[in-house]
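Here is a protein model to work through. Short questions, short answers.

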Amino acid sequence: MQWVPAAPIFSMKSSSSSLSQPISKKLKKPEQVGKKIPFESLKAVFATLVNAFVNSAFKFGENHTILQGNFAPVDEIGEAVVISNIEGQIPMDFPEGIRFGKTNKDNGNTSIFQHGKKVYTVAEDHLPYEINIANLDTYGSWDINGTWNRPFTSHPKVAPQTGELIIMGSDVKKPYYVLGVISGKYIILTFIHFEKDKESRIGVMARYGDAESIIWFQVQNHCTFHLINSFEDGDEVVVRGCRTTGSFIPGPSYKTDEYQWYQRAYRYTSIESEGFDPSVDSAIFPRPYEWRLNLKTQKVTEAFLTGTEYAMDFPTMNSNFLGYKNKYAYTQVLDSAVSSKSGMPNFKMFAKLSFDEKEKGNGQFIKEEYHRLEEGTFCSGLQFVGKPGGVDEDDGWLVCYVHDERRNVSQVYLVDARKFSEEPIAKITLPQRVPCGFHASFIPKDSFS
Ligand SMILES: [Fe+2]
């Protein structure tokens, strides 16, 4: 049996002043050594060590832009309201849904998903929280009946044929990565890279395989936060995602001029340009990318799918095609000029990507169409909503929050996916500003209790 000090060794405060003292000065007095430590205290010690590490490794500065414009927090109305301010017409067969208002506390702020007739909010560093979608009450965290005790991905996927929820969770302690339920023949594992001069790999694991059975493919160094889709195509597993060469986490390093860093990182600069620095230039200029992993030859073919005119991220697609070969995806297009000034990603329009068609006059890149927004208007939370009974993959609508910074008005746009460049078929004016967010979900009303 191991005997350890009785009380937490370090203060739980993680302010820079408390951490600036040498760790040895915070050791408890000798008389406390020798008592058995409760489990909760051990956990507290561990949490403090992690805090100490993070605070010593990264310098968090105040970013004033997140308190301005549509990035600023908003007071929620706090109750369900009827919205009747609608331009255009919502199609009769548009699924009946409900708007989700995110809470701004307890780390459930990154995304929302529905499973088993229940709705959850989630962030990458905590268990999901079950919420009441009707009044936004929080019921508590969901540990999957006691079987999940680690962080939970903000991007769980639902297998279209079985309804199974595919989850994962990464942690700073072993096991570093755990995968949950899966459907389909293969599971695609990708790892985010944000250290320059290191390797990136993509792993493919058979559905009933284990960690030992993963086939690893070394790929060009990259950072991909959001995958579009993965599927089997003959001997190959195809992975598509919005790829960058760097990461906005943790952002510019301490002592770097933040303004200059974002100016360079959010804009495209050719690698041939004089003074090109891969650690900053175009580092967060994401573009759709494809990796083809040949399971027979173990070879990788990889390339960008679109040119350098626009950066785009936050992909969405018809969820019935998740894990299957898909023809279309939709992304939010970055306003590089505005983002480089604000240091926050502002998205100025949507793009429709047609993977099986080539751009006119260009055999290299795929076809792109755009739904442009007015000047000073930005979008957030783009989602594809399939038409009930729809047959074709793009039979449906794009639904998205759109905020006009000049008028301070938030609306929801409905765009016909097959008439993508045309005017929205409906614009729903919301009773108050909806701040920029990370992700959104469209949850049909009949899919929750
Ligand atoms: Fe995300």
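The questions below cover an annotated site and the nonpolar cores. This is a predicted model, where local features need pLDDT of at least 70, side-chain atom pairs count only at pLDDT 80 or more, and totals for chains, interfaces and linings use all residues. Residues are numbered from 1 along each chain as its sequence is written, and side-chain values use heavy atoms, leaving out hydrogens and water.

Q: Which residues carry the UniProt feature "binding site"?
A: The feature comes from an unreviewed UniProt entry; such annotations may be inferred rather than shown by experiment. The residues span 214 positions in sequence, yet no two of their C-alpha atoms are more than 10.9 Å apart, so they gather at one spot. They are H226 and H439.

Q: Is H226 buried or exposed?
A: H226 sits in strand β13, residues 223-233 (strands are DSSP runs of E, at least two residues). Its relative accessible area is 12%. Buried means under 20%, exposed over 50%, with a 1.4 Å probe and protein chains only. Therefore H226 is buried.

Q: Which side chain makes a polar contact of 3.4 Å with H226?
A: A polar contact is a pair of N or O atoms within 3.5 Å, one able to donate a hydrogen and the other to accept it. Contacts in general mean heavy atoms within 4.5 Å; those of H226 include D313, H439 and H155. The polar partner is H155.

Q: Which residues touch the most other members of the largest nonpolar core?
A: Such a core joins buried Ala, Val, Leu, Ile, Met, Phe, Trp, Tyr and Cys residues through side-chain atoms within 4.5 Å. This one has 26 residues. The residues asked for are Y330, F350, C379 and L398.

How values were computed: Helices (H or I, at least four residues) and strands (E, at least two) are DSSP runs, numbered from the N terminus.
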